[in-house]
Amino acid sequence: IMTTIATCQGPNCTGDGSSFTIRDLEDLAYGLATVQTIGCLGHCNRGPNISVSETAGGRGKVTNKVNKFSKCVELLENAIPGFTLDDVQKKVGKLKYNARRDDNPAERKRLVDEAMSALDKNPKAAEQHPELLAQVLTLRARESLKASPKDAYRDIMKAVELCPNWAYAKVTLSQALDACNMPHKALVAMNEAIKIGNGIDKNQMKRAVTRLERRKEEVPEDAEPPAMDDNAEEVQAKSTKKPKAKSKKKAKEAAKAPEPPPAPVAEEDYTEIKDWDIIDVKQLNHDCISMKLKCPGKLLKEKFTDECWHVDLVADIGETFEEVKRSYTPASSLQEMMQGHLELMIKIYDTGKLTSHLKTLKAGDKVLVTIPHWTLEPNDYAGGMVMIAGGSAVTIALQACQAVLARTKSEVHLFLCNKTAEDVLYQDRLEEMLKANASFHVTHCLSQGQPPASAGAQRAKWHSGRLQESLIEAVPKELKAVISGPRSLCRWAYDTLLAHGRQDDQINCLDDLPEAAEETVTPQVE
């Protein structure tokens with residue numbers, strides 16, 4: 001029985017690069033272990049997390065922070081008896097590792113070319129390790145999927161020939177065929193990848209199948225070129241030829257025929273990630289947008305009742321079609337989502353992989369949204385709560401405070417940290433909650449600028465300057481704490497809460513908590 005190596009694909013680990021780590025581990029352990037994806041392993045903020053087990057699909061010993069090439073090698077040395085790499089495998093493996101993580105296309109190309117050159121200079125190594133050549137060819141194919149689909153197809157066909165039972169190569173073949181407007185052939189390749197299964201996220205591939213099913217309706221199968229002997233432009237031109245027009249008689253008959261009623265949503269059509277239609281996008285301030293979405297059809301198999309919840313937005317980004325997933329707490333209610341309506345507040349980061357894509361979307365576009373996921377249990381805070389939230393975490397704060405206030409008369413304190421008064425969103429909703437709950441207290445901390453002119457008429461307190469220890473010290477120490485926001489704020493808040501009498505099990509950090517070595521002197525809000 002082969003060792004099973006499972007890479008966590010939870011939102012935090014995905015943000016830490018686990019989608020790259022699974023590629024590194026599968027490449028290095030090819031033929032020696034079964035590499036799979038797995039749901040959240042519960043070691044959030046310490047990813048990428050990897051489980052090693054002797055049982056397929058089982059959870060075994062978890063290794064945290066597999067975030068370096070040397071750590072990937074070390075993990076495999078401990079997991080696979082006799083595992084070793086020769087000099088060429090090490091060199092090419094490290095080049096691939098770095099290429100996957102570089103945001104500069106020119107630098108990625110240089111690294112891939114250097115890896116290919118290393119194999120060209122060592123033909124015996126390429127002969128001894130055909131999977132190594134296949135892996136570099138696949139990486140090179142992915143780099144040229146958009147710019148030169150013909151070259152991508154040629155490279156990936158060689159890779160599939162070398163490793164015919166490698167699911168990821170089949171996925172890349174499907175994407176190369178799709179890039180050339182050959183969705184029928186792409187669909188076949190994607191289904192073959194799913195059948196093989198190892199090393200890929202089957203749910204992600206099933207979403208690709210759904211998209212290809214729609215795409216193939218746009219391109220008749222007989223319009224697809226049978227081979228790739230033409231140049232890329234001719235291939236795409238052939239594959240986008242319109243089908244022959246119907247005769248006038250048939251066209252009239254089709255026009256007279258009544259339209260069939262819309263098909264009901266079948267049980268097998270249910271998926272945990274669906275395309276939602278964007279119905280409105282509005283700018284909230286200089287770097288935040290509101291996005292309203294609508295989705296018809298069945299959303300959940302089972303009733304979801306958690307009051308503190310979030311969804312993930314998913315997109316295939318960039319020239320290599322990397323899947324990126326990020327969590328968002330909606331500004332709308334769970335009831336509204338069950339009715340097919342969703343409102344999200346999204347902070348746009350100039351260097352953010354997903355938000356750089358989201359900011360280009362407009363009404364009429366679509367975005368992939370998951371089913372709701374649990375965030376925290378409000379009953380754990382029946383004795384009251386202090387919450388420290390930064391910037392866009394205001395939606396989590398609204399949701400959590402409202403849920404806790406609904407079940408306790410104990411004090412609930414919220415510290416909202418922003419740069420300027422313009423950055424403070426949903427002030428009206430916070431004021432409504434303050435009016436309705438005498439035990440609710442809100443303090444806005446501004447690292448820059450002054451409070452708004454309306455501050456004097458509000459129930460919320462305003463503090464010029466970053467959140468200070470004295471403010472936290474004044475809050476009753478028996479209140480459990482929740483933290484959400486930028487890494488530096490989370491680290492500062494966590495350490496400050498500990499320093500003023502709380503224990504680790506009284507603090508719930510919902511976001512990435514950096515190592516203490518990364519601590520900053522004062523909390524920062526992005």
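Two strands pair if DSSP finds at least two bridges between them; strands (E, at least two residues) and helices (H or I, at least four) are DSSP runs, numbered from the N terminus. The model is predicted, so local features need pLDDT of at least 70 and side-chain atom pairs pLDDT 80 or more, while totals for chains, interfaces and linings use all residues. Residues are numbered from 1 along each chain as its sequence is written, and side-chain values use heavy atoms, without hydrogens and water.

Please select β3 (residues 50–53) and β4 first. These strands run antiparallel and are joined by 3 bridges; V52 has K61 in β4 as its bridge partner.

Next, display the whole sheet. It is open, with 4 strands in the order β2-β1-β3-β4 and mixed pairing. At its edges stand β2 (33–38) and β4 (61–63), each with a single partner strand, so one side of each lacks a neighbour in the sheet. From one strand to the next, the twist averages 25°.

Now add helix α2 (residues 18–28). This helix lies across β1 (3–8), β2 and β3 and runs at about 170° to β2 (angles, from 0 to 180 degrees, are between N-to-C directions of lines fitted to C-alpha atoms, for helices over the stretch in contact, with contact meaning heavy atoms within 4.5 Å).

Finally, turn to the second largest pocket (on a 1 Å grid over the protein atoms alone, an open set of points where a 1.4 Å probe fits, with protein on both sides within 12 Å along at least five of seven lines; lining residues have an atom within 4 Å of a point). Its volume is about 230 Å³. Select E307, W309, S333, Q399 and Q402, the closest to its centre of the 14 lining residues. The largest share of the lining, 5 residues, comes from α16.

Methods. Grid points are joined across faces, edges and corners, and a volume is the space filled by probe spheres set on the points.
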